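Trainee: I should like to learn how to read a structural model feature by feature. May we take the features one at a time, with the general idea placed beside the case at hand?

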Amino acid sequence: MNAVVRLVDCLSHPGDEKLLAPLVMDEIYIRLLRSPIGVNVAETVFADSGVQRIVKAIDWLQANYSQPLKIADLAEMVHMSESSFREHFKSVTAMSPIQYQKALRLQEARRRMLSNKMDATTAARAVGYVSDSQFSRDYSSFFGSPPSRDIAKWRK
């Protein structure tokens, strides 16, 4: 924490920003790498690490959440076996790829209903749901109440 305080202090003094800030940043990196989470921090830096591969899959999911999901295709895209992909994905996100896609879809549907005043059916279709009843069940399970009641509560 002291290094972070020194970094903030460096950024507020002209000249220190260019000379001292890089040194303090190096200290922060070294302390992070030597900490109990150091292995995880180091892994995120390597371009071909499992974490970086999962990040690539997450980026694809965020850009294509409304598309049908085939785990085999995602695993192939990031050059992993399906079982390894599932294991790495869950260790990074604490969810399965299907659960992650569902969460993205439901959050986007909620956002559309709130900001665009879309009805539930239109929002469900826009995010990739085919079944209204499945959307309602998933929405209720995820947010704790059905779409109409949840959106009404947020609009109040």
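Trainee: In which helix does aspartate 150 lie?

Mentor: Aspartate 150 belongs to helix H11, which covers residues 147-155. Please keep in mind throughout that this is a predicted model.

Trainee: Is aspartate 150 buried or exposed?

Mentor: The reading rests on relative accessible area, and a residue under 20% is called buried. Aspartate 150 has a relative accessible area of 0%, so it is buried.

Trainee: Which residues does aspartate 150 touch, apart from those up to four places away in sequence?

Mentor: Aspartate 150 touches Arg110, Tyr139, Phe143 and Ser145.

Trainee: Where is arginine 112 placed, and does it count as buried or exposed?

Mentor: Arginine 112 sits in helix H8. Its relative accessibility is 18%, and it therefore counts as buried, the limit being under 20%. With neighbours within four places in sequence left aside, arginine 112 is in contact with Tyr65, Lys117, Met118, Ala126 and Val127.

Trainee: How far apart in space are arginine 112 and alanine 124?

Mentor: The two are twelve residues apart in sequence, and their C-alpha atoms are 9.6 Å apart. A second pair may be read in the same manner: arginine 137 and serine 81 are 56 residues apart along the chain, with 32 Å between their C-alpha atoms. Arginine 137 lies in helix H10 and counts as partly exposed, at 49% relative accessibility.

Trainee: What can be said of glutamine 101, which lies in helix H8?

Mentor: Glutamine 101 is buried, with a relative accessible area of 6%. Outside the residues up to four places away in sequence, glutamine 101 touches Leu61, Tyr65, Gln67, Pro68 and Leu69.

Trainee: Leu61 appears among those contacts. What does leucine 61 itself touch?

Mentor: Not counting residues up to four places away in sequence, leucine 61 touches Leu69, Leu74, Phe89, Pro97, Tyr100, Gln101 and Leu104.

Trainee: How many residues has the largest nonpolar core, and which of them have the most contacts inside it?

Mentor: A core of this kind is a set of buried nonpolar residues joined through side-chain atoms. The largest one here has 26 residues, and those with the most contacts inside it are Leu61, Phe85, Phe89, Phe135 and Tyr139. Two or more core residues come from each of helix H5 (50-63), helix H6 (71-77), helix H7 (82-93), helix H8 (97-115), helix H9 (120-126) and helix H10 (132-143). H8 gives the largest share, five residues. There is also a second, separate core of six residues, including Ala3, Leu7, Cys10 and Ile28.

Trainee: Let us turn to backbone angles. What is the phi of alanine 94?

Mentor: Alanine 94 has a positive phi of about 65°, although it is not a glycine. Alanine 94 is found in the loop between H7 and H8, and it is exposed, with a relative accessible area of 61%.

Trainee: Where does lysine 117 lie, and what is its phi?

Mentor: Lysine 117 lies in the loop between H8 and H9. Its phi is near 55°, again a positive value in a residue other than glycine. Lysine 117 is exposed, with a relative accessible area of 65%.

Trainee: How many helices and strands are there in the whole protein?

Mentor: The protein has eleven helices and zero strands. Its radius of gyration is 21 Å, well over the 15 Å that the globule rule gives for 156 residues, so the protein is more spread out than a compact globule. Along the principal axes, the C-alpha trace spans about 60 × 45 × 25 Å.

Trainee: What share of the residues counts as buried, and what area does the protein expose?

Mentor: Of the 156 residues, 31% count as buried. The protein exposes about 10100 Å², with carbon and sulfur atoms supplying 57% of that area.

Trainee: How many positive and negative side chains are there?

Mentor: There are 21 positive and 17 negative side chains, and the centres of the two sets lie 10 Å apart.

Trainee: Finally, what share of contacts joins residues at least 24 apart?

Mentor: Among contacts between residues at least 6 apart in sequence, the share is 47%.

Technical notes:
Residues are numbered from 1 along each chain as its sequence is written. This is a predicted model: local features need pLDDT of at least 70, side-chain atom pairs count only at pLDDT 80 or more; totals for chains, interfaces and linings use all residues. Side-chain values use heavy atoms; hydrogens and water are left out. Helices (H or I, at least four residues) and strands (E, at least two) are DSSP runs, numbered from the N terminus. The radius of gyration is taken over C-alpha atoms; the globule rule is 2.2 Å times the number of residues to the power 0.38. Buried means under 20% relative accessible area, exposed over 50%, partly exposed in between (1.4 Å probe, protein chains only). Contact means heavy atoms within 4.5 Å. Accessible areas come from the Shrake-Rupley method with a 1.4 Å probe; for residues, only the protein chains shown count as cover. Lys and Arg count as positive and Asp and Glu as negative; His and the chain ends are not counted. The place of a charge is taken as NZ of Lys, CZ of Arg, CG of Asp or CD of Glu. A nonpolar core is a set of buried Ala, Val, Leu, Ile, Met, Phe, Trp, Tyr and Cys residues joined through side-chain atoms within 4.5 Å.
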